[in-house]
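Work through the exercises below with the sequence and the model side by side. Try each task before reading its solution.

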Amino acid sequence: MAPEGESAQLARLILTLRSQGVTDPKVLSAIETTPREVFTPDLFKERAWEDSALPIACGQTISQPFIVGLMTQALKLEPRARVLEIGAGSGYQTTILSKLARLVYTVERYRTLLREAEGRFQALGLTNVITKFGDGGKGWPEQAPFDRIMVTAAAPSEPKALLSQLKPNGVLVAPIGKGPVQSLRRYTGDGRGGFAVETLAEVRFVPLLDGVAKEL
């Protein structure tokens with residue numbers, strides 16, 4: 001929860017999210033009780049409860065709360081779900097997922113970001129997050145299949161390798177596209193190997209890159 005001096009900012013944020021269509025009470029509660037300032041660099045801590053994306057290390061960002069809420073809501077999470085997250089980043093989205101699912105597997109290509117996120121998970125007492133330093137585009141086949149997959153970087157095209165790691169009726173949410181603006185899409189398994197595809201919004205994400213970062 002935000003400190004008392006920030007309670008008005010938090011209340012405004014929750015109202016803003018509701019007005020934009022993030023209405024799932026469990027998702028809103030997870031956002032409300034996750035201290036975003038913990039994941040925000042010192043330079044931007046005063047802006048932690050704004051509805052805006054903020055820079056973090058390695059040229060990445062902590063997503064706008066509305067986008068976090070929208071993507072989390074779109075996953076249609078169930079308490080027993082096993083979730084794969086591609087791109088741990090600061091760990092903010094991971095933490096919210098951890099409050100709504102049984103297990104969260106998260107893959108990060110920047111070792112610096114992963115170490116910092118792991119420290120935050122430990123400080124927050126999270127026990128249901130499993131981390132991996134690796135190429136997110138390849139997913140985590142050893143732990144597949146997953147009930148849900150969330151991709152927090154823009155895939156240039158349909159992420160077939162990740163879709164292959166979903167359960168037959170699973171859900172994957174990802175930004176898709178090569179340009180500065182991408183389409184946020186939800187893929188829902190039909191139980192027979194196919195997917196229903198919905199476009200949810202236009203979004204701006206950093207690109208999903210191949211491999212791992214050698215120096216960061």
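The exercises cover a nonpolar core, a pair of packed helices and some buried residues.

The model is predicted, so local features need pLDDT of at least 70 and side-chain atom pairs count only at pLDDT 80 or more, while totals for chains, interfaces and linings use all residues. Residues are numbered from 1 along each chain as its sequence is written, and side-chain values use heavy atoms, with hydrogens and water left out.

**Exercise 1. The largest nonpolar core**

Task: find which residues of the largest nonpolar core touch the most other members, and which helix supplies the largest share.

Solution. Start from the term: a nonpolar core is a set of buried Ala, Val, Leu, Ile, Met, Phe, Trp, Tyr and Cys residues joined through side-chain atoms within 4.5 Å. Buried means under 20% relative accessible area, exposed over 50%, and partly exposed in between (1.4 Å probe, protein chains only). The largest core has 45 residues, and Leu17, Ile31, Met71, Leu75, Tyr92, Ile96 and Val173 touch the most other members. Next, assign elements, using DSSP runs numbered from the N terminus (helices: H or I, at least four residues; strands: E, at least two). At least two core residues each come from helix 1 (7–19), helix 2 (25–32), helix 3 (65–74), helix 4 (92–98), helix 5 (111–123) and strand 7 (166–176). Helix 3 gives the largest share, six residues. Apart from this core lies another, of 19 residues, including Ile149, Leu172, Ala174 and Leu208. In soluble globular proteins, nonpolar side chains tend to be buried together.

**Exercise 2. Helix 1 against helix 2**

Task: describe how helix 1 and helix 2 pack, giving the angle and the distance between their axes.

Solution. Fit lines to C-alpha atoms, for helices over the stretch in contact, and take angles from 0 to 180 degrees between N-to-C directions. The angle is about 150 degrees and the axes are 11 Å apart. Helix 1 and helix 2 are therefore roughly antiparallel, given that angles under 35 degrees count as roughly parallel, over 145 as roughly antiparallel, 65 to 115 as roughly perpendicular and the rest as oblique. Now list the contact (heavy atoms within 4.5 Å). Helix 1 contributes Leu10, Ile14, Leu17 and Arg18, and helix 2 contributes Leu28, Ile31 and Glu32. By class, five of these residues are nonpolar, none polar and two charged. The classes are: Ala, Val, Leu, Ile, Met, Phe, Trp, Tyr, Cys and Pro nonpolar; Asp, Glu, Lys and Arg charged; the others, Gly among them, polar.

**Exercise 3. Helix 3 and two of its residues**

Task: decide whether Met71 is buried or exposed, and list what Met71 and Thr72 touch beyond four places in sequence.

Solution. Nine of the 10 residues of helix 3 are buried. Met71 is found in helix 3 and counts as buried at 1% relative accessibility. Beyond four places in sequence, Met71 touches Met150, Val151, Val173, Pro175, Leu184 and Phe205. Thr72, also found in helix 3, is buried with a relative accessible area of 1%. With the same exclusion, Thr72 touches Val27, Leu77, Gln93, Ile96, Leu97, Leu100 and Met150.

**Exercise 4. Tyr92 in helix 4**

Task: find how far the C-alpha atoms of Tyr92 and Arg36 are separated.

Solution. Tyr92 lies in helix 4 and counts as buried at 1% relative accessibility. Tyr92 and Arg36 are 56 residues apart along the chain, and their C-alpha atoms are separated by 6.8 Å. Arg36 is among the residues that Tyr92 touches, along with Ile31, Thr34, Phe39, Ile62 and Val68, not counting residues up to four places away in sequence.
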